[in-house]
Amino acid sequence: MTLGVYITFRILDIADLTVDETFATGGAVSAVLIMKGVNPWLAVLVALVAGLLSGGRFDLADGNSGQAESSPIG
């Protein structure tokens, strides 16, 4: 996660927090499924797909590979 944030902020100079969002989404989905009694390995696979979908929606919504045209930071 640290590497993903470092690459987007320092190297690409883009204010993109998609890395943080996808990890939090995957963790939440996995925790809820395990609490509901789902097999932990299946919960991890479903969480992986949920993280992929939540990260990919920015690429599909923007139409420019997730890169914002103007950054709110500067």
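Let's start with contacts along the chain: if we take the ones between residues at least 6 apart in sequence, 36% of them join residues at least 24 apart. Please keep in mind that this is a predicted model. The mean pLDDT of the chain is 75, and 49% of the residues reach 70 or more.

So what is the chain built from? Its secondary structure comes to three helices and zero strands, and from the N terminus on you read α-α-α. Confidence varies between these elements: helix α1, residues 2-11, has the lowest mean pLDDT, at 65, while α2 has the highest, at 87. I'll spend my time on α2, which covers residues 18-35, and on α3, which covers residues 40-62.

Let's walk along α2, beginning with T22. You'll find T22 in helix α2. Which residues does T22 touch, once we leave aside its neighbours within four places in sequence? They are G51, S54 and G55. Is T22 buried or exposed? T22 counts as buried, because its relative accessibility is 17% and the cut-off for buried is under 20%.

Two of those partners deserve a look of their own. G51 is placed in helix α3, and with 11% relative accessibility G51 is buried. Its C-alpha atom is separated by 8.2 Å from that of A24, although their positions lie 27 residues apart along the chain, counted as a sequence separation. G55 is also placed in helix α3, and at 15% relative accessibility G55 counts as buried. How far apart in space are G55 and F23, C-alpha to C-alpha? The answer is 9.4 Å, for two residues that are 32 apart in sequence.

Now further along α2, to S30. S30 has its place in helix α2, and at 13% relative accessibility S30 is another residue that counts as buried. Leaving aside the neighbours within four places in sequence, the contacts of S30 are A43, V44 and A47.

Of those three, let me pick out V44. V44 lies in helix α3, and here the picture of cover changes: V44 has a relative accessible area of 42%, so V44 is partly exposed. The C-alpha atoms of V44 and G27 are separated by 8.6 Å, and the two residues are 17 apart along the chain.

Next, the outside. Where would you look for a nonpolar patch on the surface? Try L42, L45, V46, L48 and L52, which together make a nonpolar surface patch of about 480 Å². Take L48 as one of that group: L48 is found in helix α3. Why is L48 classed as exposed? Because its relative accessible area is 51%, and the cut-off for exposed is over 50%. So helix α3 holds both the exposed L48 and the buried G51.

Let me step back to the whole chain. Its accessible surface comes to about 5500 Å², and 67% of that belongs to carbon and sulfur atoms. How much of the chain is buried? Of the 74 residues, 19% are buried.

To pull the contacts together one last time: T22 in α2 is in contact with G51, S54 and G55, while S30 in α2 is in contact with A43, V44 and A47. Thanks, everyone, and I'm happy to take your questions.

Key: Residues are numbered from 1 along each chain as its sequence is written. This is a predicted model: local features need pLDDT of at least 70, side-chain atom pairs count only at pLDDT 80 or more; totals for chains, interfaces and linings use all residues. Side-chain values use heavy atoms; hydrogens and water are left out. Patches are made of residues with over 30% relative accessible area and no salt bridge: like charges are joined within 9 Å, nonpolar side chains (Val, Leu, Ile, Met, Phe, Trp, Tyr) within 5 Å. Accessible areas come from the Shrake-Rupley method with a 1.4 Å probe; for residues, only the protein chains shown count as cover. A salt bridge is a side-chain nitrogen of Lys or Arg within 4 Å of a carboxyl oxygen of Asp or Glu. Helices (H or I, at least four residues) and strands (E, at least two) are DSSP runs, numbered from the N terminus. Buried means under 20% relative accessible area, exposed over 50%, partly exposed in between (1.4 Å probe, protein chains only). Contact means heavy atoms within 4.5 Å. pLDDT is the predictor's confidence in each residue, from 0 to 100.
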